[in-house]
Amino acid sequence: MPSRSVASAGGSGSKVKYSRLASTDDGYIDLQFKKSPPRVPYKAIALAVVLFAVGTLLIAIGALLLAGYLSKGGADRAVPVLIIGILVFLPGFYHLRIAYYASRGYRGYSYDD
């Protein structure tokens, strides 16, 4: 392949080499179509574990309050704790399930979800 060197316009004396492309080259390389390995979002998984654990704890405490084992206050204390526990538990469980399926390589699940 013929090549030529051209002095840069800046006058610094560096030479830039140019080469002619092959006639069969269509401008694409195989590496640009290769899928990179998935990056594991450790912070998001840690947050999902914390949400799952706190939600489970609040649901257990709410159930014990409702049953009367912790306090004789009745449903007026138990229902808000149960509602908050369920609202915290559900997103944690959902994201942990997606992370588990993505780590096992199930079809249709990825860490991008």
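**View 1. The largest pocket of this predicted model has a volume of about 260 Å³.** Ten lining positions can be picked out in this view. They include a run in the thirties: K35, S36, P37, P38 and R39. The rest of the lining comes from A102, Y109, S110, Y111 and D112. Sort the lining by class and you get five nonpolar, two polar and three charged residues.

**View 2. The second largest pocket has a volume of about 190 Å³.** Its lining counts 14 residues. Which of them lie nearest the centre of the second largest pocket? They are A44, I45, A48, H95 and A99. Two elements, α1 (42–67) and α2 (75–104), each give two or more residues to this lining. By class, the lining of the second largest pocket holds 11 nonpolar residues, two polar ones and one charged one.

**View 3. R97 sits in helix α2.** Is R97 buried or exposed, or somewhere in between? Its relative accessibility is 27%, so R97 counts as partly exposed; the buried class ends at 20% and the exposed class starts over 50%. Now find A48. Along the chain, R97 and A48 are 49 residues apart. In space, their C-alpha atoms are separated by 9.6 Å. A48 also belongs to the residues nearest the centre of the second largest pocket.

**View 4. Ring pairs join Y100, Y101, Y106 and Y109 into a cluster.** A search of the whole structure gives six aromatic pairs. Take Y100 and Y101: their ring centres lie 5.8 Å apart, and their planes meet at 55 degrees, so this pair is tilted. Why tilted? An angle of 55 degrees falls between the stacked class, under 30 degrees, and the edge-to-face class, over 60. Y100 is partly exposed, at 42% relative accessibility. Y101 is partly exposed as well, with a relative accessible area of 24%. Next, follow Y101 to Y109. The centres of these two rings are 4.9 Å apart with planes at 55 degrees, so the pair of Y101 and Y109 is tilted too. Y109 has a relative accessibility of 31%, which makes it partly exposed. Y109 also lines the largest pocket.

**View 5. Two spans carry a transmembrane label in the UniProt record.** The unreviewed UniProt entry lists residues 44–66 and 78–96 as "transmembrane region". How much of residues 44–66 is helix in this model? The answer is 100%, with 0% strand. The end C-alpha atoms of residues 44–66 lie 32 Å apart. Residues 78–96 are also 100% helix and 0% strand. For residues 78–96, the end C-alpha atoms are 26 Å apart.

**View 6. The protein has two helices and two strands.** Start at the N terminus and trace the chain: the elements run β-β-α-α. How many residues does the protein have? There are 113, and buried residues make up 12% of them.

**View 7. Confidence varies from element to element.** The mean pLDDT of the protein is 82. Of its residues, 81% reach 70 or more. Which element has the lowest mean pLDDT? It is strand β1 (residues 3–7), with 52. Helix α1 has the highest among the elements, at 94. Where pLDDT is low, the predicted coordinates should not be read in detail.

Conventions. Residues are numbered from 1 along each chain as its sequence is written. This is a predicted model: local features need pLDDT of at least 70, side-chain atom pairs count only at pLDDT 80 or more; totals for chains, interfaces and linings use all residues. Side-chain values use heavy atoms; hydrogens and water are left out. On a 1 Å grid over the protein atoms alone, a cavity is a set of points where a 1.4 Å probe fits but cannot get out, and a pocket is an open set with protein on both sides within 12 Å along at least five of seven lines; lining residues have an atom within 4 Å of a point. Grid points are joined across faces, edges and corners, and a volume is the space filled by probe spheres set on the points. Ala, Val, Leu, Ile, Met, Phe, Trp, Tyr, Cys and Pro count as nonpolar, Asp, Glu, Lys and Arg as charged, and the others, Gly among them, as polar. Helices (H or I, at least four residues) and strands (E, at least two) are DSSP runs, numbered from the N terminus. Rings of Phe, Tyr and Trp (its six-membered ring) pair if their centres lie within 6.5 Å; planes under 30 degrees apart count as stacked, over 60 as edge-to-face and the rest as tilted. Buried means under 20% relative accessible area, exposed over 50%, partly exposed in between (1.4 Å probe, protein chains only). UniProt positions are given in the numbering used here, feature names are shortened, and annotations may be inferred rather than shown by experiment. pLDDT is the predictor's confidence in each residue, from 0 to 100.
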